[in-house]
Amino acid sequence: MTTYKLPSAQAFESNIHGKNTHLITLKNRAGMQIALSDYGARLVSALVPDKHGDLIDVVLGFPSISDYAEAKEQYHGATVGRFCNRIANGRFALAGKEFALAQNNGSNALHGGPEGFHRKVWDRQVSFKKLVDFYYVSPDGEEGYPGELRTTVSYELTNENEIIIKFRAISNASTVVNLTNHAYFNLNGEGNGDILNHTFTIHADEFLPLNEQQIPTGEILPVEGSVFDFREGKSIASDINSAEQQIQVAQGFDHTFVNTLPISQPIATAYSRESGIALEVYSTEPGLHLYTGNFLQDDTGKSGHAYLRYGGFCFEAQHYPDSPNQDAFPKVTLEPGEVFESEIRYKFKIRKD
């Protein structure tokens, strides 16, 4: 059995782009612990009690800052922006002007570009050993996006084993914003095999189908009668190798579900009978993107085990992909004087069934 612990703080002390990096740890009264890094304003670890009372690290990640910088998968635990997910052809128009972005996913712009928020060293402030605020000022034109964007990401660990993540941004010019957290979870423990035995419940009646470039077609389809119907709960293994065209396009699940619930109600739950850990996600965002680690490959994680395909899943609460190019989707523009705000809550519980 793997004995999980937080990474060494010393291994996260470095200097990237002239800024010092650090590891910040938070603990609650229930015994849960999390580790955060100012490199990418990211979640590094979450030690959660399992059904036996043992602490399991359920977040995929690396033992040092250099491993994050050099990893094949760059988004582990990171704050993703300015625009998470995909923008078709790396282009969008705003106020009559077209903007060209870096194309880093075929012809698409993905997760803010190759030098997006996940690659930046954020400023930080720790309050009362339970709350961390990260700050980043993205200059006008960075990765092709207009306007200077001032962003704050806050992480709070509550005594109810809940990680609350709040995003806030303001701009001095018209721009587009879509922020999320890109933590990969494995409720059996990071590096402990795949997540195919997890049961997922998603309280969504509709999802967004994709074209061959994994861009939303613009349709919003019912989940009823499809492999995307998670309303009653099912294991990922039951449909992840389906011949269904949408699964083949994404090589698994990499799709956005429509969230109509208030943040007081969970939009989705993942559960591992092996560990007894359940993860609920709550959000203010109109979409929940489920990604099943279809392209994870060979990075070695904190416990010394390789992260292989389906080794983790992401619950990315966000606006819809390619929204700047699809007028029917919820608004992602941010004007001067407006404030972008969103919230994600990851809540961990123990189940004995």
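**Notebook: strand S22, aromatic pairs and cores**

I began with strand S22 (residues 254-258), which is mostly covered, with five of its five residues buried. The model I consulted is a predicted one.

I then looked up how the burial of S22 is divided between its faces. Asp254, Thr256 and Val258 lie on one side, His255 and Phe257 on the other, and all are buried, so that both faces are covered. In a regular strand the side chains alternate between the two faces of the sheet.

Which strand pairs with S22 over five bridges? I found that strand S25 (residues 287-291) does, in the antiparallel sense. Within S25, Tyr291 is the bridge partner of Asp254.

Next I turned to the aromatic rings. The structure holds 22 aromatic pairs. One of them joins Trp122 and Tyr136: the ring centres are 5.6 Å apart and the planes stand at 45 degrees, so I entered the pair as tilted. Trp122 lies in the loop between strand S11 (109-110) and strand S12 (123-127), and Tyr136 in strand S13 (residues 131-138), so this pair ties together parts that are 14 residues apart in sequence. Both Trp122 and Tyr136 are buried.

I looked up a further pair, Phe185 and Phe313. Their ring centres lie 5.8 Å apart with the planes at 40 degrees, so this pair is tilted. Phe185 is found in the loop between strand S17 (180-181) and strand S18 (199-202), and Phe313 in the loop between strand S27 (306-307) and strand S28 (314-318); the pair therefore ties together parts that are 128 residues apart in sequence. Is Phe185 buried or exposed? Its relative accessibility is 0%, so Phe185 counts as buried. Phe313 is likewise buried, with a relative accessible area of 0%. I noted that Phe185 and Phe313 belong to one aromatic cluster with Phe200, Phe315, Tyr346 and Phe348.

I also checked for charges over rings. The charged end of Lys234 sits over the ring of Phe230, 4.6 Å from its centre. Arg351 lies over the face of Tyr271, at 3.8 Å from the ring centre.

My last entry concerns the nonpolar cores. The largest has 82 residues, and Val58, Ile163, Phe315, Tyr346 and Phe348 have the most contacts inside it. Strand S5 (residues 42-49) supplies the largest share of this core, five residues. Beyond its neighbours within four places in sequence, Phe315 is in contact with residues including Asn181, Phe200, Leu279, His289 and Tyr346. Apart from this core lies another, of 10 residues, among them Ile87, Phe92, Ala109 and Tyr145.

Terms used
Residues numbered from 1 in each chain as written. Predicted model: local features only at pLDDT ≥ 70, side-chain atom pairs only at ≥ 80, totals over all residues. Heavy atoms only, no water. Phe/Tyr/Trp six-rings, centres within 6.5 Å; stacked < 30°, edge-to-face > 60°. Helix = DSSP H or I, 4+ residues; strand = E, 2+ residues; numbered from the N terminus. Buried < 20%, exposed > 50% of the residue type's maximum accessible area, 1.4 Å probe, protein only. Lys NZ or Arg CZ within 6 Å of the ring centre and 35° of its normal. Core = buried A, V, L, I, M, F, W, Y, C linked by side-chain atoms within 4.5 Å. Contact = heavy atoms within 4.5 Å. Pairing = 2+ DSSP bridges.
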